[in-house]
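Work through the following exercises with the sequence and the model open beside you. Try each task before you read its solution.

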Amino acid sequence: MKVAVFAGDGIGPEVTREAVRVLEALDLPGLVLLEGDVGGVAYKRHGHPLPPETLEVARACDAILFGAVGDFDCDHLERHLRPEQAILGLRKELGLFANLRPATVFKGLEDLTSLRPEVARAIDLLIVRELNGDVYFGEKGIRTLPDGRRQGWDMMSYAEDEVARIAHVGFKAAQGRKGRLCSVDKANVLETSQLWRDVMIEVAREYPDVELSHMYVDNAAMQLVKNPGQFDVIVTGNLFGDILSDQASMCVGSIGLLASASMAVGTKGLYEPIHGSAPDIAGQGKANPMATILSAAMLLRHSFGLEAQAARIEAAVAQALADGIKGGDLGGSQGTAEIGDAVLARL
Ligand code: NAD
Ligand code: IPM
Ligand code: MN
């Protein structure tokens, strides 16, 4: 069980440390942790946000626990040298095309979300976000038009096989849950989305037991705060999924709570909180490590089939929250290490 640990920038190392403590506390036979530099820290040490030696470690491991990357000092660099290229590069190089971002309300937090408690209480959804395509990975640039104006451009596209493979992930996820799949697109405006919708409908024929619906992304953003309880599984493209998952995090209380799994074909996966490096609170011991701890639980479940151990971690986090353990993100006063201690104690 080889696990790469890439802590990255900002709060990345702070939250990853707590997740590693949790993994180590389980005393799993055969667990080996291998570290590597990613992001701004890797750029500063090796001249590249995803150095070859890090990519090699990633390839050699069964799973990757990832903190966060992003460093405003690096925002002036050419795009291929920016910290974010570490996570984008790993997703692409390892074929991690299926990003699972579950959002459920924890007991005791119903009053602490950005929604009214009776609205928040019903949330139990999974966002299945495509992670290898879309406008993220198309050609892009800033060019000068003949009349001298600068123009920024990014090419959005999806090929039918890219849509079909994420559709299958969405349908299968729905089969294991309440049997409802909502595909989110912008087919009223974008050709990319029209093809997305057509392929979703074609793939649906293989899943007669799943109820497929379609929603435009603007409406989905609205429905997510109006009545999030209506959603079971949402399947969507890379850009829309990025935005809707941050929004979903506040529907359940904090971005510091949302974990994710990014899967390739098979069991290889990268596991990370959905949040970033949070430069505004980095180095202060204030970050909530729960999203990363919950990502470690997803790692055990999806890469190693250790369902019982994953559930143990999730139960420990839920218990800590139910007992009133909260960081500043939820209006509490506990720091990163204290939250880690609280989860470990309940484990
Ligand atoms: P962010 O997610 O880092 O932070 C947004 C807000 O949420 C901030 O106020 C931050 O303090 C708060 N927050 C985030 N995580 C928290 C936690 N665990 N506990 C408490 N509060 C938390 O998003 P941003 O500010 O837009 O981006 C900062 C940097 O992170 C950028 O460089 C961005 O590109 C990068 N980023 C990286 C990833 C990743 O590594 N996967 C994801 C998102 C953003
Ligand atoms: C995320 C992040 C990344 C994304 C960035 C850092 C490239 O926002 O994982 O949600 O946009 O996918
Ligand atoms: Mn994001």
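**Exercise 1.** Sort the shell around ligand 2 by residue class, and find where its residues come from.

*Solution.* Begin with the list: in this predicted model, the residues around ligand 2, that is, those with a heavy atom within 4 Å of it, are Glu84, Leu88, Arg91, Arg101, Arg129, Tyr136, Asp242 and Ile274. Next apply the classes, in which Ala, Val, Leu, Ile, Met, Phe, Trp, Tyr, Cys and Pro count as nonpolar, Asp, Glu, Lys and Arg as charged, and the others, Gly among them, as polar; this gives three nonpolar, no polar and five charged residues. Then look at the origin of the shell: helix α4 (residues 84-93) supplies its largest share, three residues, where a helix is a DSSP run (H or I) of at least four residues, numbered from the N terminus. Finally, at least three residues of the shell come from each of domain 1 (1-96 + 264-347) and domain 2 (98-258), with bounds from an automatic or database domain assignment.

Residues are numbered from 1 along each chain as its sequence is written, while chains are lettered from A and ligands numbered from 1 in the order in which they are written. Because the model is predicted, local features need pLDDT of at least 70 and side-chain atom pairs count only at pLDDT 80 or more, whereas totals for chains, interfaces and linings use all residues; side-chain values use heavy atoms, leaving out hydrogens and water.

**Exercise 2.** Which side chains make polar contacts with oxygen atoms of ligand 2?

*Solution.* A polar contact here is a pair of N or O atoms within 3.5 Å. Take the side chains in turn: an N or O atom of Arg101 is 3.0 Å from a ligand oxygen, a polar atom of Tyr136 lies 2.5 Å from one, and for Asp242 the distance is 2.9 Å. As a last step, consider the area: ligand 2 on its own has 330 Å² of accessible area (Shrake-Rupley method, 1.4 Å probe), and the protein covers 77% of it.

**Exercise 3.** Describe the surroundings of ligand 1.

*Solution.* Start with the shell of 21 residues, of which Val69, Glu84, Gly276, Ala278 and Asp280 come nearest; by class, the shell has 10 nonpolar, six polar and five charged residues. Then list polar contacts, including a side-chain atom of Glu84 at 2.5 Å from a ligand oxygen, a side-chain atom of Glu272 at 3.0 Å from a ligand nitrogen, and a backbone atom of Ser277 at 3.1 Å from a ligand oxygen. Taken alone, ligand 1 exposes 800 Å², and the protein buries 71% of that.

Note on methods: Polar contact = N/O pair within 3.5 Å; in protein donor to acceptor, adjacent residues only side chain to side chain. Helix = DSSP H or I, 4+ residues; strand = E, 2+ residues; numbered from the N terminus.
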